[in-house]
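Work through the exercises below with the sequence and the model open. Each task is followed by a solution in steps.

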Amino acid sequence: MGYRSEVKSVIYQTKDKFDKFYADHAEEIDYFMQEFGCMSVETKGDYKILLLDFDEVKWYDSFPEVQAWRKFLDDAEAAGMFYEFVRLGEDDSDVEVDYGTNDSGNYILELERHIKTNVSVRI
């Protein structure tokens, strides 16, 4: 079955900059839409967001699709876009987080790992 990860990644910017980036990279985005299938575009206030959303995926650095996505994030950053990337592997210590140039502390992707105990449950 192989090692699986949960992967979330976003590329975002104000609507006008996002639309220009999207138009300039339409061919690449179409490739990712077809290859990954788990992508969407959302609008939040003045921003547009391209979301990649995977659960239980084999995300190996040696895969051409993964290499292409990492290059695409670099290209997005070079074009003035913001990006975020979070990957949680099966092992508890296997966590990869990259918030690109966004140093504001306000992130779209939030990483949480916790156990909740509900002591009010009736036994």
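## Exercise 1. The whole chain

Of the 123 residues in the chain, 31% count as buried; buried means under 20% relative accessible area, exposed over 50%, and partly exposed in between (1.4 Å probe, protein chains only). The model is predicted, with local features needing pLDDT of at least 70 and side-chain atom pairs counting only at pLDDT 80 or more, while totals for chains, interfaces and linings use all residues. Residues are numbered from 1 along each chain as its sequence is written, and side-chain values use heavy atoms, leaving out hydrogens and water.

Task: state which pattern of helices and strands the chain follows.

Solution.
- Step 1. Count the elements: there are three helices and five strands. Helices (H or I, at least four residues) and strands (E, at least two) are DSSP runs, numbered from the N terminus.
- Step 2. Put them in sequence order, which gives β-α-α-β-β-α-β-β.
- Step 3. Add the dimensions: along the principal axes, the C-alpha atoms fill a box of roughly 60 × 35 × 25 Å.
- Step 4. Consider contacts, meaning heavy atoms within 4.5 Å. Among those between residues at least 6 apart in sequence, 63% join residues at least 24 apart.

## Exercise 2. The faces of helix α2

Task: find which residues of α2 are buried, and explain why they line one face of the helix.

Solution.
- Step 1. Helix α2 spans residues 26-36, and its buried residues are Ile 29, Phe 32 and Phe 36.
- Step 2. Viewed down the axis of α2, these buried residues fall within an arc of 60°, so they line one face. The arc is that of the directions from the helix axis to the C-beta atoms.
- Step 3. The spacing fits a general rule: an α-helix has 3.6 residues a turn, so residues three or four places apart point the same way.
- Step 4. Glu 27 and Gln 34, on the other side of α2, are exposed.
- Step 5. The cover over the buried residues of α2 includes α1 (15-24), β2 (39-44), β3 (47-57) and α3 (64-78).
- Step 6. After α2 comes Gly 37, with a positive phi near 75°.

## Exercise 3. How α2 meets α3

Task: describe at what angle α2 and α3 pack, and which residues meet.

Solution.
- Step 1. The two helices pack at an angle of about 145°, and their axes are 12 Å apart. Axes are lines fitted to C-alpha atoms, for helices over the stretch in contact, and angles run from 0 to 180 degrees between N-to-C directions.
- Step 2. From α2, the residues in the contact are Glu 28, Ile 29, Tyr 31, Phe 32, Glu 35 and Phe 36; from α3, they are Glu 65, Ala 68, Trp 69, Phe 72 and Asp 75.
- Step 3. By class, this contact has seven nonpolar, no polar and four charged residues. Ala, Val, Leu, Ile, Met, Phe, Trp, Tyr, Cys and Pro count as nonpolar, Asp, Glu, Lys and Arg as charged, and the others, Gly among them, as polar.

## Exercise 4. The nonpolar cores

Task: name which residues of the largest nonpolar core touch the most other members.

Solution.
- Step 1. A nonpolar core is a set of buried Ala, Val, Leu, Ile, Met, Phe, Trp, Tyr and Cys residues joined through side-chain atoms within 4.5 Å.
- Step 2. The largest one has 21 residues, of which Ile 11, Phe 36, Leu 50, Trp 59, Trp 69 and Phe 72 touch the most other members.
- Step 3. At least two residues of this core come from each of β1 (5-14), α1, α2, β3, α3 and β4 (82-89).
- Step 4. With five residues, α3 supplies the largest share of this core.
- Step 5. Another core of seven residues lies apart from it, including Tyr 12, Leu 51, Val 86 and Leu 109.

## Exercise 5. Two neighbours in β3

Task: decide whether Glu 56 and Val 57 are each buried or exposed.

Solution.
- Step 1. Glu 56 is found in strand β3, as is Val 57.
- Step 2. Glu 56 counts as exposed because its relative accessibility is 55%.
- Step 3. Val 57 is buried, because its relative accessible area is 15%.
- Step 4. Beyond four places away in sequence, Val 57 touches Tyr 3, Arg 4, Ser 5 and Val 7.
- Step 5. Glu 56, a residue other than glycine, has a positive phi near 55°.
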